Amino acid sequence: MCTAATYKTKDFYFGRTLDYEFSYGDEITITPRNFPFKFRHTNECNSHFAMIGMAHIADGYPLYYDAMNEKGLCMAGLNFVRNAVYFEPKNGKENIAQFEFIPYILSHCDSVLQARKKLENLNITNTQFSDKLPCAQLHWIISDKDESLTVESTIDGLKVYDNPVGVLTNNPPFDIQMFMLNNYMSLSPKQPENNFGKSAELTTYSRGMGAIGLPGDLSSASRFAKVAFTKLNSVSGDSESESVSQFFHILGSVDQQRGCCEVAEGKYEITLYTSCCNADKGIYYYTTYNNHQICAVDMHKTDLDMAELTAYTPITEGKVLFQN
Ligand SMILES: C[C@H](CCC(=O)NCCS(=O)(=O)O)[C@H]1CC[C@H]2[C@@H]3CC[C@@H]4C[C@H](O)CC[C@]4(C)[C@H]3C[C@H](O)[C@]12C
């Protein structure tokens, strides 16, 4: 499972958890403006917006899981198993292979508005990156400081939804996730009133009772409701450290601990990493399962006019800061 969320204070923040039982080997990867993108079915692009994000680099190509560009446009791919359908290239369409979708949108678009235009004529194709890497079944969230979209390629074609809550998890399809939020409309960060029935004398015996009924399990639908509630009610200072700290708490609300989600005999899905992009400053923050220290890579500290990728191996070991 995975969860993505947005958050706005003075700056705009975007990130995701990546939950899985193994890592593909990923690196924080900066693609500078002159890295040649040779798209499989459409014109190559040798000069474009620079981007930074988590990617598996294969044959020198950045296979991004989540990234932002220098204009503050952000995007993440999350599993959408059994619902994602990609097509053969179609005449008259802009044909983009599934693994090219993030690089293509972030290369060309400076906002969700521009991405929306590109999506009007786009066809996500089932072209594999290689024999070894078959298509992942994904759906995507595309966000900037003003709005978010969800993009789903299904048997019915490409669907583009406004995403007013700025969160995404996995199945079911996005419109159903949004509908199910109706079930939680009476939840509140405030203590509840007794609306139960006339003769029942009920009291609030604990703090935090306004959100009783908010699910806490790890299913995708439950994480959607949990993270949406957490994000929509989030309060923090607007400094960089307070905002980043709060952002990791929002995604921390749907963190997966080893042991709680068994996917095969003795195999557990865990939150391999959590990311937080400051989309205004071009800083990619992250933590990993065993490293709770927030680490960061700043895209503007590299030369963005180069043609070669820069990649940083995630720091996966945490240190305890002894005070005595
Ligand atoms: C496994 C991850 C989703 C985690 C998740 O959601 N787990 C819950 C399972 S479930 O929802 O409960 O069933 C996804 C998210 C992004 C993916 C990469 C995208 C680029 C590239 C695309 C190529 O085509 C194939 C290789 C490739 C490197 C992909 C590998 C893998 O697929 C990645 C990491």
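The following exercises, with worked solutions, concern a predicted model.

**Exercise 1. Determine the strand order of the open sheet of 6 strands and identify its edge strands.**

Solution. Step one is to read the order across the sheet, which is S12-S1-S2-S15-S16-S17, with antiparallel pairing. Step two is to find the strands that pair on one side only: these are S12 (167–168) and S17 (291–298), the edge strands. Step three examines the contact of S17 with S16 (residues 283–288): the two run antiparallel and are joined by 5 bridges. Within this region, Thr288 is placed opposite Asn291 of S17.

**Exercise 2. State which strands helices H4 and H5 meet, and at what angle each runs to S1.**

Solution. Begin with H4 (residues 220–232), which packs on the sheet and touches S1 (2–8) and S12. The direction of H4 makes about 15 degrees with that of S1. Turn next to H5 (residues 240–252), which lies across S1, S2 (12–20), S15 (270–278), S16 and S17. H5 runs at about 145 degrees to S1.

**Exercise 3. Describe the 21 residues around the ligand.**

Solution. First, list those that come nearest: Cys2, Leu63, Asn79, Ala136 and Asn170. Second, assign the shell to elements: S2, S5 (61–69) and S6 (74–79) each give two or more residues. Third, classify the shell by character, which yields 15 nonpolar, 5 polar and 1 charged residue.

**Exercise 4. Characterise the span of the domain recorded by UniProt.**

Solution. First, locate the feature: an unreviewed UniProt entry places "domain: Choloylglycine hydrolase/NAAA C-terminal" at residues 2–311. Then describe this span: 16% is helix and 33% strand, and its end C-alpha atoms lie 23 Å apart.

How values were computed
Residues numbered from 1 in each chain as written. Predicted model: local features only at pLDDT ≥ 70, side-chain atom pairs only at ≥ 80, totals over all residues. UniProt positions renumbered as here; feature names shortened; annotations may be inferred. Helix = DSSP H or I, 4+ residues; strand = E, 2+ residues; numbered from the N terminus. Pairing = 2+ DSSP bridges. Contact = placed C-beta atoms within 7 Å. Axes fitted to C-alpha atoms, helices over the stretch in contact; angles between N-to-C directions. Near = placed C-beta within 6 Å. Nonpolar A, V, L, I, M, F, W, Y, C, P; charged D, E, K, R; others polar.
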